[in-house]
Amino acid sequence: MKIITLLKRVPDTEARILINQEGTGIREDGLKYVINPYDEYAIEEGLKVREKVGGDSKVTVVTMGPEEATELIRTALAMGADDAVHIVDPLLENAGPFTSAAVLAKVIEEEGFDIIFCGKQAIDDDMAQVQTILAEMLDIPQVNVATEFELSDDGKKAVLSRRIEGGDEKYETALPAIISCEKGLNEPRYASLPGIMKAKKKEIRKKTLADLGFETKPQGGRAEIVRWLPLPKSGECKIVEAEELQDAVKELVRLLREESKVL
Amino acid sequence: MTDILVFGELRGGKAKKITKELITAADRIAGELGGEINGLFVGEGAASAAEEFKGYGFKRIFYAEDDALKNYSTEGYAKVVSDVIKSTGARYVLAGATAMGRDLFPRVAARVDGVMFSDCVDLRVEDGRAIAKRPVYSGKVFIEITSKDERPTIVAIRPNNIPPAEPKGDGAEIVKQDSDVTIDTIRAIAKEIVPLAGGRPDLTEADIIVSGGRAMKDASNFKILEELADLLGGAVGASRAAVDSGYAPHALQVGQTGKIVNPKLYIACGISGAIQHLAGMRTSKVIVAINKDPNAPIFEKAHYGIVGDLFEVVPLLTEELKKIL
Ligand SMILES: Cc1cc2nc3c(=O)[nH]c(=O)nc-3n(C[C@H](O)[C@H](O)[C@H](O)COP(=O)(O)OP(=O)(O)OC[C@H]3O[C@@H](n4cnc5c(N)ncnc54)[C@H](O)[C@@H]3O)c2cc1C
Ligand SMILES: Nc1ncnc2c1ncn2[C@@H]1O[C@H](COP(=O)(O)O)[C@@H](O)[C@H]1O
């Protein structure tokens, strides 16, 4: 079985995000980058499927991102993925979801695929669109926000749970399909020391837009960011105090009813 | 032409609350740019929802309801929605940034060769263009965004951000949308919905949330938060530390890798206020922090705070509210 897992490089969840001086984006100096947290669940699920199906099954990581993403691809290879394709091209900086999906679709078609795992959303642009546009371009179904995944014995379909408001939606899909992963689906493994050693020898195939046969950036620029806005300043916190805790609680209730009128 | 299509999401045969919020947003755009507002309901209950929304200022309300559309499927619904967008020539499509909206509309955007803005918190007109506001980097900054050309623009709006519309205007024309979706062409489909235990409102839709952190110490202690939440008709949330320690299920996690919530009142009990937690709840209208550490970062974001032991404060708060509610 040919398993593709998508990996995007994003700023660490701890990172403080500040707008740059020109107001045209964020300040990137000093930012630490990590594998998009949801993509870790995708890698883990890909490895689990490979282990279940066995044979000559293979997990290929696909990343579109800057040169520096190589380091994170190595981490995925150290977790156990077999090889990777890394699309690097300056034209792809700040690519929107259509561009990303078109480029990823091209690579995935070239590689061949039986199932694709990715994250439910990238925590930088927070679009949660690439996987579904990709599914449309590849003409396959997608199941988003999966918290349970089970492959049928013949490998032709899967049953899943996907998280929705106030419950879980039980879903069934034919394969090939794209599955976007949510926390809770699995516990991503850590890279072992032997894994890290082995990863150094695994192949990362670098490609540019031209290598993929694109003359220009595919379908870009449909959205225009008008401006970047910082978070509104938070007001002072009113600490409610009293000799007796009970009176402080009473005062809090009064404030919630009379001052902020939320009760 | 700036015709607008409002997608009214159905759940259990009923229109979700977000539908009226989308109508308010549509009115704002149409009020400035002109154009007619049409509605669309797909799935079980679509015909009766169309009837229910007749008096909300729509020109036409389309509905599609048959066996192949009874259960949600991206493919089935995307076909109907794309057909209506194409036939009405809608320039703007407003949808909820819900589990369904987030799954369905990227595919619709691809099909109608349009563009989609996910998870918006506001929509307004500026210099003759509709501008959507949305958080990026998990809510650490915002962008305002518009479409560059005349393509269909799908704006997915988060629940609870825009006031619901009131009934107005003459009755809409109700139009049955024929669907050529057949069940055997659908490759992936929802089989059933298993509701979360508890019967409380969903975190993303709740007006009031009572959340507990690592300080809860044990799953059974969440009882005191549940009691408070039930009294207020609210939902219960948790920090990742509480989830990872097994005190609460992951479905209740609030934050960057959990639910993004936007209630009127968020009560954080024994939660320190890590950046990843704040990312999920900082837009709450009023934040109350209960923490025994006066230096906990949560107090920098909270509007009201009590420095004290949550195991004393929360029961007192419940007692106090029982007297008045
Ligand atoms: C990739 C990544 C993603 C993450 N995503 C999320 C996320 O989505 N959501 C999230 O919440 N976190 C997330 N985190 C974790 C986050 O960094 C924090 O570790 C977590 O939020 C801490 O939870 P806490 O506040 O409950 O625990 P702590 O930080 O341990 O805080 C406990 C607080 O309780 C107070 N306290 C203790 N006892 C009492 C008492 N009896 N009464 C009153 N107060 C008391 C303490 O003073 C302290 O402030 C993420 C981390 C990473 C690395
Ligand atoms: N540049 C990229 N390279 C590889 N995978 C990506 C890229 N962009 C997005 N993805 C995948 O698509 C998912 C959704 O991304 P987004 O639509 O940007 O929120 C992510 O969780 C990734 O798994």
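Me: In this predicted model, which pocket does ligand 1 sit in, and what makes "sits in" the right wording?

Reply: Ligand 1 sits in the second largest pocket. The wording applies because more than half of the atoms of a molecule must lie within 2 Å of the grid points of a pocket, and ligand 1 is assigned to its pocket on that basis.

Me: Where does ligand 1 lie with respect to the chains, and which residues are closest?

Reply: Ligand 1 lies between chains A and B, and 26 residues surround it, the closest being Arg214(B), Ser239(B), Thr257(B), Ser272(B) and Gln276(B). The elements of chain B that give two or more residues to this shell are helix 7 (240-244), helix 8 (275-281) and helix 10 (310-324).

Me: Why is the pair formed by ligand 1 and Arg214(B) called a polar contact?

Reply: An N or O atom in the side chain of Arg214(B) is 2.6 Å from an oxygen atom of ligand 1, and because a polar contact is a pair of N or O atoms within 3.5 Å, this pair qualifies. The backbone also takes part: a polar backbone atom of Gly270(B) is 3.2 Å from an oxygen atom of ligand 1, while a nitrogen atom of ligand 1 lies 3.2 Å from a backbone N or O atom of Lys292(B), so these pairs too fall within the 3.5 Å limit.

Me: How much of the area that ligand 1 exposes when taken alone does the protein bury?

Reply: Ligand 1 taken alone exposes 990 Å², of which the protein buries 80%.

Me: What makes Asp125(A) a polar contact of ligand 2?

Reply: A polar side-chain atom of Asp125(A) lies 2.9 Å from an oxygen atom of ligand 2, and this pair is therefore a polar contact under the 3.5 Å cut-off. Polar backbone atoms meet the criterion as well, that of Gln129(A) at 2.8 Å from an oxygen atom of ligand 2 and that of Gly119(A) at 3.0 Å from an oxygen atom of ligand 2.

Me: How much of ligand 2 does the protein bury?

Reply: Taken alone, ligand 2 exposes 480 Å², and the protein buries 99% of that.

Me: Which element gives the largest share of the shell around ligand 2, and how do the residues divide by class?

Reply: Strand 4 of chain A gives the largest share, three residues. By class, the shell has 10 nonpolar, six polar and three charged residues, whereas the shell around ligand 1 has seven nonpolar, 14 polar and five charged residues.

Definitions and conventions. Residues numbered from 1 in each chain as written. Chains lettered and ligands numbered in written order. Predicted model: local features only at pLDDT ≥ 70, side-chain atom pairs only at ≥ 80, totals over all residues. Heavy atoms only, no water. Polar contact = N/O pair within 3.5 Å; in protein donor to acceptor, adjacent residues only side chain to side chain. Areas by Shrake-Rupley, 256 points an atom, 1.4 Å probe, with all protein chains shown as cover. Helix = DSSP H or I, 4+ residues; strand = E, 2+ residues; numbered from the N terminus. Nonpolar A, V, L, I, M, F, W, Y, C, P; charged D, E, K, R; others polar. Near = heavy atom within 4 Å. 1 Å grid on protein atoms, 1.4 Å probe; cavity = no way out; pocket = protein on both sides within 12 Å on 5 of 7 lines; lining within 4 Å.
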